[in-house]
Amino acid sequence: MNAPLTWSEQFALQQPQMDTTHQEFVALLADAHAALDGPADALLQRWDTLVEHTVAHFAQEDRWMAATGFASENCHSFQHQAVLQVMVECGRRAREEADFEPLRIAVGELAIWFPQHAQMMDASLAEHLLRVGFDPVTGQVRDTALAGTTPITGCGGGSCST
Ligand SMILES: [Fe+2]
Ligand SMILES: [Fe+2]
């Protein structure tokens, strides 16, 4: 079965840690997709791996936002929470109720969601990190004044007006 989504340079945001994490996400989603027609336990195991990776993926971006002037409630982090909540619920339904339908649908939906999220919200975050001189290794901003004094609640993406 062909992967629903494959990595391409159009997803690269020139932010090495983010790009690596996104490549891993695409690969793990492809793994889950490849297991759709196989045994249920293998599919669930791959889904759990994807969810676990996504927890860390989103937490990394949320941490970077918090370190560079974003409000704790901002639309990018809010979208992370919403997507993760759905992913966790899909795993729960499969595990506790043997209902794999939501999980199957989510595999396809994530392949549609990811390019939009990466190219809008994550791309805006990558630009912001560059602008403020954020160093992901130290977690420090080169010039704190550049991060602004008013907490950022928008994401800078096309779906967001702030
Ligand atoms: Fe991301
Ligand atoms: Fe994100």
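What follows is a walk through this structure, from the whole chain down to a few single residues. Keep in mind that the model is predicted.

Let's begin with the big picture. The chain has four helices and two strands, and if you read along the sequence you meet them in the pattern α-α-α-α-β-β. Along its principal axes, the C-alpha trace spans about 55 × 30 × 30 Å. How does the radius of gyration fit with a compact globule? For 162 residues such a globule would come out near 15 Å, and the chain has 17 Å, which agrees. Inside, 28% of the 162 residues count as buried. Contacts across the sequence matter for the picture too: take those between residues at least 6 apart in sequence, and 66% of them join residues at least 24 apart.

Now to the helices, and how they sit against one another. A pair of packed helices is described by the angle between the two axes and the distance between those axes. Start with helix 2, which covers residues 40-67, and helix 3, which covers residues 75-97. They pack at an angle of about 165 degrees, and their axes are 10 Å apart. An angle over 145 degrees counts as roughly antiparallel, so that is what helix 2 and helix 3 are to each other. As for handedness, helix 2 passes helix 3 in a left-handed crossing. On the helix 2 side the contact is made by L44, W47, D48, V51, T54, V55, F58, E61, D62 and M65. On the helix 3 side you'll find H76, S77, H80, L84, M87, V88, G91, A94 and R95. What kinds of residues are these? The contact divides into ten nonpolar, five polar and four charged.

Helix 2 also holds A66. Is A66 buried or exposed? It counts as partly exposed, because it has 15 C-beta neighbours inside 10 Å. If you want to place A66 against helix 1, try M18: the two are 48 residues apart in sequence and 16 Å apart in space, going from C-alpha to C-alpha.

The other pair to look at is helix 1, residues 16-34, with helix 4, residues 101-131. Their packing angle is about 175 degrees and their axes are 11 Å apart, so helix 1 and helix 4 are roughly antiparallel to each other. From helix 1, the residues M18, H22, F25, L29, A32 and H33 meet V107, L110, A111, F114, A118, D122 and A126 of helix 4. This contact divides into ten nonpolar, two polar and one charged.

Some of those names come back when you look at P4, in the segment before helix 1. Leaving out residues up to four places away in sequence, P4 touches H33, V107, G108 and A111. P4 and L110 are 106 residues apart along the chain, yet their C-alpha atoms are separated by 9.2 Å. P4 is partly exposed, with 19 other C-beta atoms within 10 Å; 20 or more would make a residue buried.

Last stop: two residues with an unexpected backbone angle. Q14, in the segment before helix 1, has a positive phi of about 60 degrees although it is not a glycine. A98, in the loop between helix 3 and helix 4, is not a glycine either, and its phi is positive at about 55 degrees. Q14 is exposed, with 10 other C-beta atoms within 10 Å, and A98 is exposed with 9.

Definitions and conventions. Residues are numbered from 1 along each chain as its sequence is written. Chains are lettered from A and ligands numbered from 1 in the order in which they are written. This is a predicted model: local features need pLDDT of at least 70, side-chain atom pairs count only at pLDDT 80 or more; totals for chains, interfaces and linings use all residues. Axes are lines fitted to C-alpha atoms, for helices over the stretch in contact, and angles run from 0 to 180 degrees between N-to-C directions. Angles under 35 degrees count as roughly parallel, over 145 as roughly antiparallel, 65 to 115 as roughly perpendicular and the rest as oblique. A crossing is left-handed if the near helix is turned anticlockwise from the far one by less than a right angle, and right-handed if clockwise. Two residues are in contact if their C-beta atoms, placed from the backbone, lie within 7 Å. Ala, Val, Leu, Ile, Met, Phe, Trp, Tyr, Cys and Pro count as nonpolar, Asp, Glu, Lys and Arg as charged, and the others, Gly among them, as polar. A residue is buried if 20 or more other C-beta atoms lie within 10 Å of its own, exposed if 12 or fewer, and partly exposed in between; C-beta atoms are placed from the backbone. The radius of gyration is taken over C-alpha atoms; the globule rule is 2.2 Å times the number of residues to the power 0.38.
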